[in-house]
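The exercises that follow ask you to read a single protein chain from its coordinates, step by step. Work through each task with the structure open before you turn to its solution.

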Amino acid sequence: MHTYMLENKAKFFRALGDETRLTILSYLLEHSYCACDFTPLTEKDQTTVSKHLKVLFEAEILKFEKKGRNVIYSIKDEETREMLLVLGIGEVKPCCSSPENCRVCCKEETEDKNKTRKKRS
């Protein structure tokens, strides 16, 4: 029993040892996301994102739900969410480098710029 608990904790902390996974978690602390949303947010291809999501799921940090062809990820439970917040993971979120191509984090910023451009025209 002790060895099993130790292995789970080690897996949990190994999963946190990657910048891309920390970025994914920081977004998921806000709300659930489709797996496809992480490609622009992390600037990684879909295969790489899927591998990172699998690591987080296997570390029992995430859960997922299939909705049609989409896979929606979220933090496993409130206890895990609180632990991630205490560790400061909610503060590590970088913004993507190209707001005009972003569908998620810069959506409002891009919409505001488009409205301003339309007013000037």
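**Exercise 1.** Determine whether Glu43 is buried, partly exposed or exposed, and describe its place and its backbone in this predicted model.

*Solution.* Begin with the relative accessibility of Glu43, which is 49%. Buried means under 20% and exposed means over 50%, so Glu43, at 49%, counts as partly exposed. Next, locate the residue along the chain: Glu43 lies in the loop between helix 3 and helix 4. Finally, turn to the backbone, where Glu43 has a positive phi of about 60° although it is not a glycine. Most residues other than glycine have a negative phi.

**Exercise 2.** Carry out the corresponding analysis for Glu60, and find which loop holds it.

*Solution.* The loop in question is the one between helix 4 and strand 2 (62–67), and Glu60 is found there. Its phi is near 60°, a positive value in a residue other than glycine. With a relative accessibility of 39%, Glu60 counts as partly exposed. A contact of Glu60 leads on to helix 5 (residues 78–86), in which Thr80 is found: Thr80 touches Glu60, Ile61 and Ile75, if residues up to four places away in sequence are not counted. Thr80 itself has a relative accessible area of 8%, and because buried means under 20%, Thr80 is buried.

**Exercise 3.** Describe how helix 2 and helix 4 pack, and state which residues meet.

*Solution.* Two packed helices are described by the angle between their axes and the distance between the axes. For helix 2 and helix 4 the angle is about 75° and the axes are 10 Å apart. Since angles of 65 to 115 degrees count as roughly perpendicular, helix 2 and helix 4 are roughly perpendicular to each other. The contact brings Thr20, Arg21, Ile24 and Leu25 of helix 2 together with His52, Leu53, Val55 and Leu56 of helix 4. Sorted by class, the contact of helix 2 with helix 4 comprises five nonpolar, two polar and one charged residues.

**Exercise 4.** Identify which residues touch the most other members of the largest nonpolar core, and which elements supply it.

*Solution.* The core has 22 residues, and those that touch the most other members are Leu25, Leu28, Phe38, Leu53, Ile61, Leu62 and Leu84. Two or more residues each come from helix 1 (2–15), helix 2 (19–28), helix 3 (38–42), helix 4 (46–58) and strand 3 (70–75). Helix 2 gives the most to this core, with four residues. To follow one member in detail, take Leu25, which, leaving out residues up to four places away in sequence, touches Leu16, Leu56, Ile61, Leu62, Ile75, Leu84 and Ile89. In soluble globular proteins, nonpolar side chains tend to be buried together.

**Exercise 5.** Establish where Val92 lies and which residues it is in contact with beyond its neighbours in sequence.

*Solution.* Val92 is in the loop between helix 5 and helix 6 (107–120), and at 38% relative accessibility it counts as partly exposed. Apart from its neighbours within four places in sequence, Val92 is in contact with Leu22 and Ser26. A C-alpha distance adds to this picture: Val92 and Tyr27 are 65 residues apart along the chain, yet their C-alpha atoms are separated by 9.3 Å.

**Exercise 6.** Summarise the whole chain by its elements and its contacts.

*Solution.* The chain has six helices and three strands, which follow the pattern α-α-β-α-α-β-β-α-α along the sequence. Of its 121 residues, 33% are buried. Among contacts with a separation of 6 or more, 56% are between residues 24 or more positions apart.

Conventions:
Residues numbered from 1 in each chain as written. Predicted model: local features only at pLDDT ≥ 70, side-chain atom pairs only at ≥ 80, totals over all residues. Heavy atoms only, no water. Buried < 20%, exposed > 50% of the residue type's maximum accessible area, 1.4 Å probe, protein only. Contact = heavy atoms within 4.5 Å. Core = buried A, V, L, I, M, F, W, Y, C linked by side-chain atoms within 4.5 Å. Axes fitted to C-alpha atoms, helices over the stretch in contact; angles between N-to-C directions. Parallel < 35°, antiparallel > 145°, perpendicular 65-115°, else oblique. Nonpolar A, V, L, I, M, F, W, Y, C, P; charged D, E, K, R; others polar.
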